[in-house]
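User: I'd like a close look at one part of this protein, the open space in it. Here is the model I'm working from.

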Amino acid sequence: KGKCPEDGWDESTIELFLHELAIMDSNNFLGNCGVGEREGRVASGLVARRHYRLIHGIGRSGDISAVQPKAAGSSLLNKLTNSVVLDIMKMAGVQAVTNCFVVPMATGMSLTLCFLTLRHKRPKARYIIWPRIDQKSCFKSMITAGFEPVVVENVLEGDELRTDLEAVEAKIKALGAENILCVHSTTSCFAPRVPDRLEELAVICANYDIPHIVNNAYGVQSSKCMHLIQQGARVGRIDAFVQSLDKNFMVPVGGAIIAGFNESFIQEISKMYPGRASASPSLDVLITLLSLGTSGYKKLLKERKEMFSYLSSELKKLADNHNERLLDTPRNPISLAMSLKNLDESNDAAVTQLGSMLFTRQVSGARVVPCGSVQTVNNYTFKGFMSHANDYPCAYLNAASAIGIKKQDVDIFLKRLDKCLKTFRKEAKQEKSVNEMSDSNATTEQLQD
């Protein structure tokens, strides 16, 4: 039926299935005589076994989704993977999605492919309107495609950084709709930035007849992010949304899903991919979803949401203990931020040092964001880089509750963070005592004089 099974398969069943697909490829035929330049020959048996002897990859030279006659098994694998992934996307919250395909590139390059496809539809366009998010790959995706990003700064509402809709519309009017390739929005992001106002942006795009591409990098795991995409497509215009395989399905880095609501446009994107492609990302995600089943994936989504609530409440307690606060970002369903105001005020280098301390203590994924850092990316200079704003009010630390996180991860992280912050407080107290002693000695000397 081309759908993800309700209950996951055991490993031996999955392996049997993959071996059955592999013997449908010509390179595995007993009497095969290959006289072409690409015959699926593999020098190493270890490499062949690693890929279950599915060597031909996916697609043909003109279309990544096309069937390859001498690789019937690999082609079937590709079709099944795209069908199963589409089923999961609907289950995760975007019921209206009509088509998707797995592409063997990470999110940034997959976004580039979308922009290059739009180039043929809008040959005059040279600008992409981009509500600012301080993440290099989505910014570089526009540069690599040959377009000029028009950065729209976010507005601060409480602790949250949100889309400036008025500024987006003002840019469209100033540049002219025909000169704009698309609006490039974001769902999943580091707090205190929150998902873009997708519904409102989708309406603006529909009103001005401008395409809309959504960077949904790790948004499949969030019902809130998926709901925003569903609603945006319902009330306005969303042409395609792109998500990472590794961040959402716990597979190795190297693949993404390009999905949309207009079947022909998604097919156009797949035809834009030059040449054949590696089947590894498709193979990885198919094995994973067959292993989990829809019930297993739903369980992971539920656990992630529960861990987000747990991380939020425990991080708030820790922040209070250190005279800091958990930033109030209720619209961000995955990432949290804790202020580091006292640390920043006591020592300029302390915030960055905290990040190093956590990393050497084997805490990965937590980010510390100092105030006022400046970074240049492809000749564009960003003030306050990593904080998604020129002048965010305080330094802070990020932590995320992503799919697969366990209670043990949260508990160990909090314990190590607490220990690091206590070390800084102890050092600050000692420094204060030394300064007070120095002042006292100076006063005594003045009295003696």
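Which helices and strands each supply at least two residues of the lining of the largest pocket? Take me through that pocket, then through the enclosed spaces and whatever else touches on them.

Analyst: Sure. Keep in mind that this is a predicted model. The elements you're asking about are α4, α5 (136–144), α9 (245–249), β14 and α14 (407–448), each giving the lining of the largest pocket at least two residues. The largest share comes from α14, with 6 residues.

The pocket itself holds about 930 Å³ of space. It is lined by 39 residues, and Ser364, Gly365, Ala366, Ala400 and Ala402 are the closest to its centre. Sorted by class, that lining has 21 nonpolar, 14 polar and 4 charged residues. Both domain 1 (11–292) and domain 2 (297–436) put at least three residues into it.

Now for the closed-off spaces. The model has 2 cavities of 30 Å³ or more. The largest has a volume of about 50 Å³ and is lined by 13 residues, with Pro370, Cys371, Gly372, Ser387 and Tyr392 nearest its centre. Its lining is made up of 8 nonpolar, 4 polar and 1 charged residues.

Cys371 leads us to Cys394, since Cys371 is one of the residues that Cys394 touches, along with Leu327, Ser339 and Lys341, leaving aside residues up to four places away in sequence. You'll find Cys394 in the loop between β13 (380–383) and β14 (396–400). Its relative accessibility is 9%, so Cys394 counts as buried.

The second largest cavity has about 30 Å³ of space. Lining it are Trp130, Ile133, Asp134, Gln135, Lys136, Phe139, Val377, Phe382 and Phe385, which split into 6 nonpolar, 1 polar and 2 charged residues. Here too, domain 1 (11–292) and domain 2 (297–436) each contribute at least three residues to the lining.

One last stop, going back to α4 from the pocket lining. The buried residues of α10 pack against α4 (107–121), and also against β1 (99–103), β8 (240–244) and β9 (256–260). Those buried residues in α10 (residues 263–272) are Phe265, Ile266, Ile269 and Ser270. They sit on the same side of α10, because they cover an arc of only 145° around the axis. The general background is that an α-helix has 3.6 residues a turn, so residues three or four places apart point the same way.

Definitions and conventions
Residues are numbered from 1 along each chain as its sequence is written. This is a predicted model: local features need pLDDT of at least 70, side-chain atom pairs count only at pLDDT 80 or more; totals for chains, interfaces and linings use all residues. Side-chain values use heavy atoms; hydrogens and water are left out. On a 1 Å grid over the protein atoms alone, a cavity is a set of points where a 1.4 Å probe fits but cannot get out, and a pocket is an open set with protein on both sides within 12 Å along at least five of seven lines; lining residues have an atom within 4 Å of a point. Grid points are joined across faces, edges and corners, and a volume is the space filled by probe spheres set on the points. Ala, Val, Leu, Ile, Met, Phe, Trp, Tyr, Cys and Pro count as nonpolar, Asp, Glu, Lys and Arg as charged, and the others, Gly among them, as polar. Domain bounds come from an automatic or database domain assignment. Buried means under 20% relative accessible area, exposed over 50%, partly exposed in between (1.4 Å probe, protein chains only). Helices (H or I, at least four residues) and strands (E, at least two) are DSSP runs, numbered from the N terminus. The arc is that of the directions from the helix axis to the C-beta atoms. Contact means heavy atoms within 4.5 Å.
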